[in-house]
Amino acid sequence: MSKIFILFMNENTKTWKKFSTKLVIIIAILALFGALGLAKVVEYINSRYDSTFTTDNFKESTELEMKNLKETLEDPQISESEKEINKIQIEMCELELKYDASRYDESYWKGEILSRISELKILKEDEAQIANLISIIEQDDYSKYMDIKKQEEKQKLENEEITKEEYEDNIFILDLKAQNNIGKNKNEGYWRNALISQIQLCKRSLRAGIDYNSAQQKLLSSERRQELEDTIKINVYRLQNDIPPVDYAEENYRMFFETLAQMFTIAVIAIFAIMLAGGAISNEISTGTIKFWALTPNKRWKILTAKILSILYYLVVITLIISILTIVTANIFFNNNGIEYLYVKDGNVEKIGNVLYTIETYFAKLIPIVLFVLFALMLSTITRNTAAAVSFGIATYMGNGIVMTIINNYIKKDWIRFVPFNNLNIVEKIFPNIENPMQIMGESFATDTSLWFSLAVLGVCAILMLVTMYDSFNNRDIV
Amino acid sequence: MANTVLELKNISKSFGKKKVINNLSLEVKEGEIYGFLGPNGSGKTTTIKMILRLIDNDSGEIKVNGYDNKKQFEKAMECIGAIVENPDMYRYMSGLDNLKLHAKIRNVGMQRINEVLDLVELKDRAKEKVGKYSLGMKQRLGLALTLLHKPKVLILDEPTNGLDPAGIKKLRDILKEIAHKEGVAVFVSSHILTEMQLMCDKVAVIDNGNVVKIEEITKTESTIEKLEIAVKNVEKAIKILKEKFNIESKIEENKNIVVTIEVEKVPVVVKELAINDVEIKSVIPKEHTIEEIFFDATEGGKNE
């Protein structure tokens, strides 16, 4: 063991003395600051031009609409029935101006009411109902409106328009809205409504037993069912505690920075590690320095083990440095909280703090990289050609997502889940309730396997690669 | 009687169908500089690689200081210091750093590093990057690396390749010192014959994977000298030699005369030739050289 340790220390000395190692650390740090710069630029641009859609400026367009509609009333070419509708629209515009709510903005409860009124008017339903709705707006009574909606649901149940489960789910959502005053105030952030509609979708999926979230609409597996239930719980927790989710946190530039920094630096680290691994054996053979080690009283497997350990050690060290740097930079340049990851444990929603979460995700992302490192190392040992090992390793690392998405689209067999490339999304499995935009983009269709299944597949894969490279390195001549 | 520290017994090796080494056996003793001669492609490097287990031999046994190099690999390797083909070091590191890497594995300290640096005369340039070294310096650094752990056997593959005459002499002096003073067995392969002549105590000539000759090189003064004499009038000189001294002489291609006579007779012969108006251009003693051994033994000689 001590011999392996000495060899390991020697490998580290060698790696550190290489110029490329220092270069990569610098590039990784530059990538980090690149992400910071990008986040800051976006923050600046968004603060100058308010890009988020608000309904404050709806009045202008409403007035314009009213003007256009009034012109059509005097137009002889337009039929009477159309004029009738236009008249209703004009009335609606007047109401909008009066109550300061757009009927197209249904996230605001008054807007929702106005939209219903316009519907009722066009259908020529009884005036009493309309008057009732208007009175609610005039009284500014949010909870009364919610009560009305609940009664309507009950009515639907009695008329057997909806099933009992559907009714319960709808009531659940209405209660949730009423309790958390969702839609009570104007422009309070669209994420609340997005969460509500996500809950609705989850409930619908659970009711039907079909996964409406995925593009293929497969039957729900028990794991997926659990995941949806957890999502609902987490969303409820978010609404109750006012924690916006990552992908809707438009104003949270710290989250933006952290996500971006992770993407950038992990790519740099991965490519560096693959380069290091791809050259580990073949470079030494081509420059002859492998003899430097092979002529010492150390069996070859010890030399290879020291090399593998050294690369892994570097991977861990650099990742640790970068993850801590990310947190420090984020703390310096952003004055709010970053991602606080929520998860469900024993039926309760728990929270991981930002620091821990950042480090954990960095290391979770390391697991697939280790596989690619072993792959490159295996190629390096077998082919003894650095160019082949490095280029093939990096190509596989970069291209596997796209290629597998295409393949998974064509092969709809059960065994496809045993393909190692379909099990690389470890991060999504450790943190299932984060919806990172990048993860959605790269979503593969064969991902609904459990974390342990994926780890087992990757583990078998790693062992096979290790056996191959040890066999090759131990038994082949060093010529 | 010196101990045998390197022993090869009936080694064979084939690459594919081609037999590269065929039943090779030899022994190297303590304190001996053992030359391993052979034309290019005769299997010198292959043999050395087999001793070092960079290549595995198909059959036969290799023992280093009594340890089998397969069964007791680590123990056997502890007795060996070797440079194969080129002295390969990490170019991006300084000579000293390269030595330190090795020193850790060999478990020796800074003191020994300084000792070997002194021995190979690299002390003042040890902190430069190896990439900037000349070939001679690299060779010497390579030697320093192999000497760190005081090996019992030093194996050098073509150590004089690419060295200038001064470098070769320096290397030779170092090797002689460690072999004769410290009792290290030095096993040197080369195809440069004059070099071997000056350096080795014993040579083995290998051709096509077979040892064709093993010969001690005697450094003692011989009583019989071979002379190569260049003269203007060859026939006259031969006649005089025949008549006065009863010496049979050979005529070389370049019309020089080669004679074999006792050492004390040399001045007399020269004087006699001079008296008889034979114009002597030069008289060169012709040593019993390795070259002859080599060409006698290898195909190179047969072809000529």
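Which residue in the turn of the hairpin formed by E4(B) and E5(B) has a positive phi? Keep that one in mind, everyone, and we'll get to it. Hi, and thanks for coming. One thing before we start: what you see above is a predicted model.

Let's begin with the hairpin, then. Strands E4(B) and E5(B) have two residues between them, and the residue in the turn with a positive phi, of about 50°, is Asn65(B). The two strands pair in the antiparallel sense over two bridges. Lys63(B) has Asp68(B) as its bridge partner in E5(B).

Now let's widen the view. The hairpin belongs to an open sheet of four strands in chain B, in the order E2-E1-E4-E5, with antiparallel pairing. At the edges we find E2(B), residues 18-29, and E5(B), residues 67-68, and each of these pairs on one side only. Strand E1(B), residues 4-15, is joined to E2(B) by eight bridges. Towards E4(B), which covers residues 59-64, E1(B) has five bridges, and this pair runs antiparallel too.

If you'd like one residue to follow across the sheet, try Glu7(B). Its bridge partner in E2(B) is Glu27(B), and in E4(B) it stands opposite Lys63(B). We have met Lys63(B) already, as the bridge partner of Asp68(B). And a handy thing to remember while you look at strands: side chains in a regular strand alternate between the two faces of the sheet.

Next, the domains. The assignment for chain B gives domain 1, residues 4-216, and domain 2, residues 224-287. Taken over C-alpha atoms, their centres are separated by 43 Å. Chain A is assigned three domains: domain 1 is 2-51 + 252-475, domain 2 is 55-140, and domain 3 is 144-249. Notice that domain 1 of chain A is written as two stretches. Between the C-alpha centres of domain 1 and domain 3 of chain A, the distance is 37 Å.

Let's look at a pair of helices in chain A. H5(A), residues 109-123, packs against H6(A), residues 127-139, at an angle of about 165°, and their axes are 10 Å apart. The two helices are therefore roughly antiparallel. The crossing is left-handed. From H5(A), the residues that meet H6(A) include Ile113(A), Ile117(A) and Leu120(A), and among those they meet in H6(A) are Ile130(A) and Leu133(A). Sorted by class, this contact has seven nonpolar, one polar and three charged residues.

Finally, how do the two chains meet? In chain A, 22 residues are in contact with 21 residues of chain B. Two elements of chain A give two or more residues to that side, namely H1(A), 2-17, and H13(A), 290-294. H1(A) gives the most, with six residues. By class, the chain A side divides into nine nonpolar, seven polar and six charged residues.

So which helix of chain B does H1(A) cross at roughly 165°? That would be H3(B), residues 95-106, and the two axes come within 9 Å. That angle makes H1(A) roughly antiparallel to H3(B). Here the crossing is right-handed. Ile6(A), Met9(A), Asn10(A), Thr13(A) and Lys17(A) make the contact from H1(A), and Asp97(B), Leu101(B), Lys104(B) and Ile105(B) make it from H3(B). That contact counts four nonpolar, two polar and three charged residues.

That's my tour. Thanks for listening!

Methods:
Residues are numbered from 1 along each chain as its sequence is written. Chains are lettered from A and ligands numbered from 1 in the order in which they are written. This is a predicted model: local features need pLDDT of at least 70, side-chain atom pairs count only at pLDDT 80 or more; totals for chains, interfaces and linings use all residues. Two residues are in contact if their C-beta atoms, placed from the backbone, lie within 7 Å. Ala, Val, Leu, Ile, Met, Phe, Trp, Tyr, Cys and Pro count as nonpolar, Asp, Glu, Lys and Arg as charged, and the others, Gly among them, as polar. Two strands pair if DSSP finds at least two bridges between them. Domain bounds come from an automatic or database domain assignment. Axes are lines fitted to C-alpha atoms, for helices over the stretch in contact, and angles run from 0 to 180 degrees between N-to-C directions. Angles under 35 degrees count as roughly parallel, over 145 as roughly antiparallel, 65 to 115 as roughly perpendicular and the rest as oblique. A crossing is left-handed if the near helix is turned anticlockwise from the far one by less than a right angle, and right-handed if clockwise.
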